[in-house]
Amino acid sequence: MALGRHGVATILNQAHDSLWFYSLKPFIFKIFVKWSLAESSLGFHLCILFIFLFMHVIVTHGELTNDLALGFTRLPFNSNYYINHKPYNLPLEERYSFINEVHKLWVFSTDEPLSRGSPTLPRSELFINGYMYSTGIWQFEAHVFVPHGTTGVSVMQVFGSDPPHTTTLMIRVYDGNLYYYKRNVIFRNIYNKWFRLNVIHDVEGNNVKVYINGVLRFKANGRGGTTHYFKCGVYAQDRASFYMESRLKNIKIFKKCN
């Protein structure tokens with residue numbers, strides 16, 4: 001037992017702080033704890049074996065599933081349910097591609113806005129107009145990738161709110177970290193890696209929750225509003241980089257069952 005029980009505890013603590021560990025089912029966590037505390041050599045080594053097996057699974061296949069969809073109904077989603085928002089003077093293919101099931105959206109800080117004369121900043125976004133809602137509990141899910149250097153940009157929005165605001169939620173990227181607008185850090189170090197983003201908006205409950213790889217990372221109050229919808233991609237904000245890009249795959253829309 002060269003590693004020692006103290007070493008096992010260290011590994012478990014480090015694993016507990018990592019994203020993949022949170023995505024394990026609770027009963028697996030109980031097995032880890034039970035075997036790590038076992039008095040027998042077999043229990044000790046089984047604990048070590050399971051730790052490295054699960055690390056291999058996560059590295060090879062991505063995050064394990066969780067129950068965020070429990071109680072929700074998955075709705076159809078394809079190109080009939082969204083339209084592209086882009087610089088008004090450019091063809092779509094110059095700011096958007098869909099290859100191998102990956103949506104790639106990019107924009108430059110010098111681009112024109114959505115429409116001629118608009119005071120808004122450049123964007124290349126998917127406007128999910130097929131699901132506009134005013135009541136209920138709705139969920140957005142996607143795997144998101146932001147390349148290094150993209151900053152000062154919104155990558156996901158829950159649109160609609162009471163004045164003077166226009167959005168209930170805006171998830172931005174600043175220097176490789178995810179922010180709630182530009183105030184609260186949601187998650188750090190997201191550059192050059194795929195992560196799973198879930199956003200749950202409870203209209204009557206007046207709250208919105210943000211999950212990263214199945215872990216609740218942020219919760220905020222709602223902002224009112226009569227009509228809401230989801231947007232994702234890149235939308236320049238303050239301190240925007242010259243080039244902004246995000247990629248999305250496995251986009252899913254859910255509605256809470258009655």
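**Exercise 1. Describe how β12 and strand β13 pair, and what lies between them.**

Step 1. β12 and strand β13 (residues 215-221) run antiparallel and share 6 bridges. Strands are DSSP runs (E, at least two residues), numbered from the N terminus, and helices are runs of H or I of at least four residues. Two strands pair if DSSP finds at least two bridges between them.

Step 2. Lys 209 has Lys 219 in β13 as its bridge partner.

Step 3. The hairpin of β12 and β13 has 2 residues between the strands, and Asn 213 takes a positive phi near 50° there.

The model is predicted: local features need pLDDT of at least 70, side-chain atom pairs count only at pLDDT 80 or more, and totals for chains, interfaces and linings use all residues. Residues are numbered from 1 along each chain as its sequence is written, and side-chain values use heavy atoms, with hydrogens and water left out.

**Exercise 2. Work out which residue of strand β11 stands opposite Lys 209 in β12, and why β12 is largely enclosed.**

Step 1. Strand β11 (residues 195-202) pairs with β12 in the antiparallel sense over 6 bridges.

Step 2. Across from Lys 209 in β12 stands Ile 200.

Step 3. Strand β12 (residues 207-212) is largely enclosed by the rest of the structure because 5 of its 6 residues are buried. Buried means under 20% relative accessible area, exposed over 50%, and partly exposed in between (1.4 Å probe, protein chains only).

**Exercise 3. Find the phi values of Asn 206 and Asn 100, and classify the accessibility of Asn 206 and of Asn 100.**

Step 1. Most residues other than glycine have a negative phi, and most peptide bonds are trans.

Step 2. Asn 206, in the loop between β11 and β12, has a positive phi near 55°. The hairpin of these strands has 4 residues between them. With a relative accessible area of 37%, Asn 206 is partly exposed.

Step 3. Asn 100 sits in the loop between β3 and β4 (102-108). Its phi is positive, about 55°, although Asn 100 is not a glycine. Asn 100 counts as exposed because its relative accessibility is 72%.

**Exercise 4. Locate the cis peptide bond that joins Pro 163 and Pro 164.**

Step 1. The bond between Pro 163 and Pro 164 is cis, with omega about 10°.

Step 2. Pro 164 belongs to the loop between β7 (153-159) and β8 (167-174).

**Exercise 5. Describe the surroundings of Lys 86, which is buried.**

Step 1. Lys 86 is in the loop between β2 (83-85) and β3 (96-99).

Step 2. Lys 86 has no salt bridge, and the nearest side chain of opposite charge, Glu 93, is 8.0 Å away. A salt bridge is a side-chain nitrogen of Lys or Arg within 4 Å of a carboxyl oxygen of Asp or Glu.

Step 3. A polar atom of the Lys 86 side chain lies 2.4 Å from the backbone oxygen of Leu 90.

Step 4. Not counting residues up to four places away in sequence, Lys 86 touches residues including Pro 113, Leu 114 and Arg 123. Contact means heavy atoms within 4.5 Å.

**Exercise 6. Identify what Glu 101 contacts outside its neighbours within four places in sequence.**

Step 1. Glu 101 lies in the loop between β3 and β4 and counts as exposed, at 58% relative accessibility.

Step 2. Leu 248 and Lys 249 are in contact with Glu 101, leaving aside neighbours within four places in sequence.

Step 3. The C-alpha atoms of Glu 101 and Asn 250 are 7.7 Å apart, although 149 residues separate them along the chain.

Terms used: Lys and Arg count as positive and Asp and Glu as negative; His and the chain ends are not counted. A polar contact is a pair of N or O atoms within 3.5 Å; within protein, one must be able to donate a hydrogen and the other to accept it, and residues adjacent in sequence count only if both atoms are side-chain atoms.
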